[in-house]
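Colleague: I've got a model open on my screen and I'd like to learn how to read it. Can you walk me through it?

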Amino acid sequence: MDWGTLVSYWPFVVGLLVTGVCSGIAAGLLGIGGGAIIVPALATALSVLGFGSDVVQHVAVGTSLAIIIPTGFMSARAHQKRGALDMPTLKLWVPFIVIGTLIGGLAAAFLSGDVLRVVFAVMAFVIAANIVFGFQDKVMGHLHGSALTHRISAFVVGFISALMGIGGGSLSVPTLVAFGAKMHAAVGTSAALGVAIAISGTIGYIFSGWGVAGVPPLSLGYINLPALVLVAVLAAIFAPLGATIAHRLDQKTLKYVFAAFLVLVGLNMLWKVVYG
């Protein structure tokens, strides 16, 4: 690769650096691991560089999960210092969320890029509506004491998170709130759960993308290593700042910020499906 080719990649590099800062703050603020920012941003950047639409979405989702490993760790650590981790719930959820995420990561190989985009958008709208109108509380609130319900929820959260390329906060936060957790505790616990999701999901996308043609250079399966390094470093650095902001906001404000963010991301994904 000559210098001219390298120089042509500078907008991609700048975009990744900005994505890293924004996703890190989002991870700490909302407990979402930053994937809801990373996936559309990385998919757009790769599309501009001319990679195929199906490969682009899979690489964006897989790389997002890999990036969430350090982001989620830094975010969870920041929340732990503030006493916002529910360890009994964490221990109950982790084994089942790992299984669900690993299966989801492997299943992604059989789905098109547009299917992954639609899954992302539909789930974003459903979750945002739930945060605003609270229908999950009415449906699941009475099951908060059931270990079986927790395990099933963990599996479903892991599976869908793998298809969306997120740390699971947009699913686990409202679920934990429905089960009786305070918003700050739900955000902190979901950040820790995001690490488990990210590790198992990354493994799934490495295997499902192994040997696939058309992936960007320096990729391990569907995991693009340059994007992983550039975004992950800045995201991990800025995640504690997001956590600090989160603990200065009241719970109602945090919920509405979360919902508005998800609606915007969902609309962006549908736009890509319809208009390419």
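Modeller: Let's go from the overall make-up to a helix pair, then to single residues. Keep in mind that this is a predicted model.

Colleague: Fine. How many helices and strands does the protein have?

Modeller: There are 12 helices and 2 strands. Along the sequence they run α-α-α-α-α-α-α-α-α-α-β-β-α-α, with the two strands following one another ahead of the last two helices.

Colleague: And what share of the residues counts as buried?

Modeller: Of the 276 residues, 52% are buried. The protein exposes about 11,600 Å², and 74% of that comes from carbon and sulfur atoms. As for contacts, take those between residues at least 6 apart in sequence: 81% of them join residues at least 24 apart.

Colleague: Now helix packing. How do I describe two helices that sit against each other?

Modeller: You describe two packed helices by the angle between their axes and the distance between the axes. Here, try helix α4 (residues 53-81) and helix α6 (residues 113-133). Their axes come within 7 Å and cross at roughly 45°. That angle makes α4 oblique to α6.

Colleague: Which residues of α4 and α6 meet?

Modeller: From α4 you have Ser53, Asp54, Gln57 and His58, and they meet Gly113, Asp114, Leu116 and Arg117 of α6. Sorted by type, the contact has 1 nonpolar, 4 polar and 3 charged residues.

Colleague: With charges around, I'd look for salt bridges. What does Arg117 pair with?

Modeller: Arg117 forms a salt bridge with Asp114, and the closest N and O atoms are 2.8 Å apart. The count for the model comes to 1 salt bridge. Both partners belong to helix α6, and because they are 3 residues apart, about one helical turn separates them.

Colleague: Are those two partners buried or exposed?

Modeller: Arg117 has a relative accessible area of 6%, so Arg117 counts as buried. Asp114 is at 35%, so Asp114 counts as partly exposed. The cut-off to remember is that buried means under 20%.

Colleague: Let me try one from α4. Where is Ser64, and is Ser64 buried or exposed?

Modeller: Ser64 lies in helix α4. With a relative accessible area of 0%, Ser64 is buried.

Colleague: What is Ser64 in contact with?

Modeller: Leave aside the neighbours within four places in sequence, and Ser64 is in contact with Gly35, Ile38, Val39, Val59 and Gly165.

Definitions and conventions:
Residues are numbered from 1 along each chain as its sequence is written. This is a predicted model: local features need pLDDT of at least 70, side-chain atom pairs count only at pLDDT 80 or more; totals for chains, interfaces and linings use all residues. Side-chain values use heavy atoms; hydrogens and water are left out. Axes are lines fitted to C-alpha atoms, for helices over the stretch in contact, and angles run from 0 to 180 degrees between N-to-C directions. Helices (H or I, at least four residues) and strands (E, at least two) are DSSP runs, numbered from the N terminus. Angles under 35 degrees count as roughly parallel, over 145 as roughly antiparallel, 65 to 115 as roughly perpendicular and the rest as oblique. Contact means heavy atoms within 4.5 Å. Ala, Val, Leu, Ile, Met, Phe, Trp, Tyr, Cys and Pro count as nonpolar, Asp, Glu, Lys and Arg as charged, and the others, Gly among them, as polar. Buried means under 20% relative accessible area, exposed over 50%, partly exposed in between (1.4 Å probe, protein chains only). Accessible areas come from the Shrake-Rupley method with a 1.4 Å probe; for residues, only the protein chains shown count as cover. A salt bridge is a side-chain nitrogen of Lys or Arg within 4 Å of a carboxyl oxygen of Asp or Glu.
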